[in-house]
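Me: I'd like to go through this one by asking where each label comes from. Can you take the terms apart with me?

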Amino acid sequence: MLIRSPQDWELPESAATEEKFYHLSKRRDFLKSIGVAGVALAARDLLGATAGFPAKENPAYPASALKPTSYDLITSYNNFYEFGTDKDEPKPNSKKWKPEPWTVEIAGLIRNPVKIDVNDLIGKLGGIEQRVYRMRCVEAWSMVIPWDGFPLSKLVAFADPKPEAKFLKLTTILDPKNLPGQQENILRWPYVEGLHLDEANNELAFIATGIYGKPIPNQNGAPLRLVTPWKYGFKGVKSIAKIEFVAEQPMNTWRVMAPREYGFLANVNPTVDHPRWSQASERIIGGGGLLGARQKTLMFNGYEKQVAALYQGVDLKKFY
Ligand code: MTE
C-alpha cells in the first residue's frame, strides 16, 4: 500500500473549506454537478482564452493535497475594483464584459517583443496545466484555488530578457468604457503589479487562464491573471494586457495608494502585521461558522521550501 507523507505546506484535514472533496480527475462529473452542460462548454470553447482545456494536473500541486474552496465562493467573493469595491459586485458587474479577442503585449528589455493573441501565446508556451494553490489576501482571509494556466517562467523564456532586465511590470487593460470602476477615482488606473525577475522565474509563479478546469471567469481576471501563492492576493493582477521587462522596480498600484500599508514584495508573513490587520491568522472562506473558521497563517503562505532562497539576506520585517 502506498502511504503518502503530507508536505509542510499542506492544509490539515481539519481545515477543510468544502465538505465535498474535489478530485480534478473527476472534473467532468464535477462540471455536471454544478450544471455546466457540455453544449455550453463547447460554445464557450470557441471564445476567449480557452486553449488547452482540459489541462493535466501537475503532480507537484495536486488537488488531493489541499481542499479547494467551492467554485461558487471562488467566483463570487472577489476583489476586482474595476467592477466594484464590494466582494459581491465583480461577478454581476462583469457579466456582460467580453474580454475576447485578447491581445497581450510583451515588451521592454527583451529580444522577442510581441503583441500576441492570448490563445496563440498559450500554444507557443506549450499549453496549460492544473495546480492547486493556497491564496491568502492581505485582508486576512484565505481560499484554496485549483488554477489552470502556465508557469510564468515559460513566458520569461519566450520573451528572452536582456541582461539589463531586472523586473517585470504587469498591467491590466485600460478600458474605462467597459470597466466602470476605471471611470472613478478609486485607484490609479490601470492596475499595475511587479515582480523581480528571479521571482517571476520561481517554479510557483503562474499565469492563470482557468479555474476548476474551465476558462477563468471575468470576475477572477479573464483571460490572464498572475498567481503568486506565497504573496498576498493583491499581487495577483487580473486581466493582464501588458507585460514589460524593466530595469527599475515598478510602482505597484496599492503602494501608490497607501505606501505605509503595502509593499512591493508583499510576501505572506505572519510576524509582520498590516497596520489594520493582524497577519498571524486567517479566516477560511467557506470554513463554516458565523465568522468562518480560522487557521494560523504560515510563513510564505506555506511555500517556504520553494521561495525562501529568493530572500536570503533580505530583512523581511523591513521589506514587506
Ligand atoms: N487586479 C485588478 N486588475 N484589479 C483589482 O482590483 N484586486 C487584487 C487582485 N488583482 C485587483 C486585481 C486583490 S486586492 C486581490 S485580493 C485579488 O486580485 C483577488 O482575486 P480573486 O477575486 O480572484 O480572489
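Reply: Sure. Let's begin with polar contacts: a pair of N or O atoms counts as one if the two lie within 3.5 Å. Keep in mind that this is a predicted model.

Me: What makes the pair between the ligand and lysine 238 a polar contact?

Reply: An oxygen atom of the ligand sits 2.7 Å from an N or O atom in the side chain of lysine 238. The cut-off is 3.5 Å, so that pair qualifies as a polar contact.

Me: Which polar backbone atoms are paired with an oxygen atom of the ligand?

Reply: One belongs to tyrosine 81, at 2.8 Å from a ligand oxygen. Another belongs to asparagine 79, where the distance is 3.2 Å. Both values are within 3.5 Å, so these are polar contacts too.

Me: How much of the ligand does the protein bury?

Reply: The protein buries 98% of the 540 Å² that the ligand exposes when taken alone.

Me: Which residues come nearest the ligand?

Reply: There are 16 residues around the ligand, and Tyr81, Glu82, Arg225, Gly236 and Lys238 come nearest. A residue gets into that group if one of its heavy atoms lies within 4 Å of the ligand, so Tyr81 and Lys238 are among those that pass.

Me: How is the shell around the ligand divided by class?

Reply: It has 7 nonpolar, 6 polar and 3 charged residues. Gly counts as polar here, so Gly236 goes with the polar ones. Tyr counts as nonpolar, so Tyr81 goes with the nonpolar ones.

Me: Why is the ligand said to sit in a pocket?

Reply: The space taken by the ligand is the second largest pocket. Sitting there requires more than half of the ligand's atoms to lie within 2 Å of the pocket's grid points, so the ligand must pass that test.

Me: What is the volume of the second largest pocket, and what lines it?

Reply: Its volume is about 450 Å³. It is lined by 29 residues, with Asn79, Tyr191, Gly233, Phe234 and Trp254 closest to the centre. Strand S5 (residues 141-151) gives the most to the lining, with 4 residues. By class, the lining has 18 nonpolar, 6 polar and 5 charged residues.

Me: What makes a space a cavity rather than a pocket?

Reply: In a cavity a 1.4 Å probe fits but cannot get out, whereas a pocket is open. The structure holds 3 cavities of 30 Å³ or more. The largest cavity has about 90 Å³ of space, so it clears that 30 Å³ limit.

Me: Which residues and elements line the largest cavity?

Reply: Of its 14 lining residues, Met135, Val227, Thr228, Pro229 and Gly233 lie nearest the centre. Strand S4 (129-136) and strand S10 (225-227) are the elements that give two or more residues to the lining. The classes come out as 6 nonpolar, 3 polar and 5 charged.

Me: Where are the prolines that follow a cis peptide bond?

Reply: Phenylalanine 53 and proline 54 are joined by a cis bond with omega about -5°, and proline 54 lies in the loop between helix H2 (38-45) and strand S1 (56-57). The bond from glutamate 100 to proline 101 is also cis, with omega near -5°. Proline 101 is in the loop between helix H4 (90-93) and strand S2 (103-108).

Technical notes:
Residues numbered from 1 in each chain as written. Predicted model: local features only at pLDDT ≥ 70, side-chain atom pairs only at ≥ 80, totals over all residues. Heavy atoms only, no water. Polar contact = N/O pair within 3.5 Å; in protein donor to acceptor, adjacent residues only side chain to side chain. Areas by Shrake-Rupley, 256 points an atom, 1.4 Å probe, with all protein chains shown as cover. 1 Å grid on protein atoms, 1.4 Å probe; cavity = no way out; pocket = protein on both sides within 12 Å on 5 of 7 lines; lining within 4 Å. Points joined across faces, edges and corners; volume = space filled by probe spheres on them.
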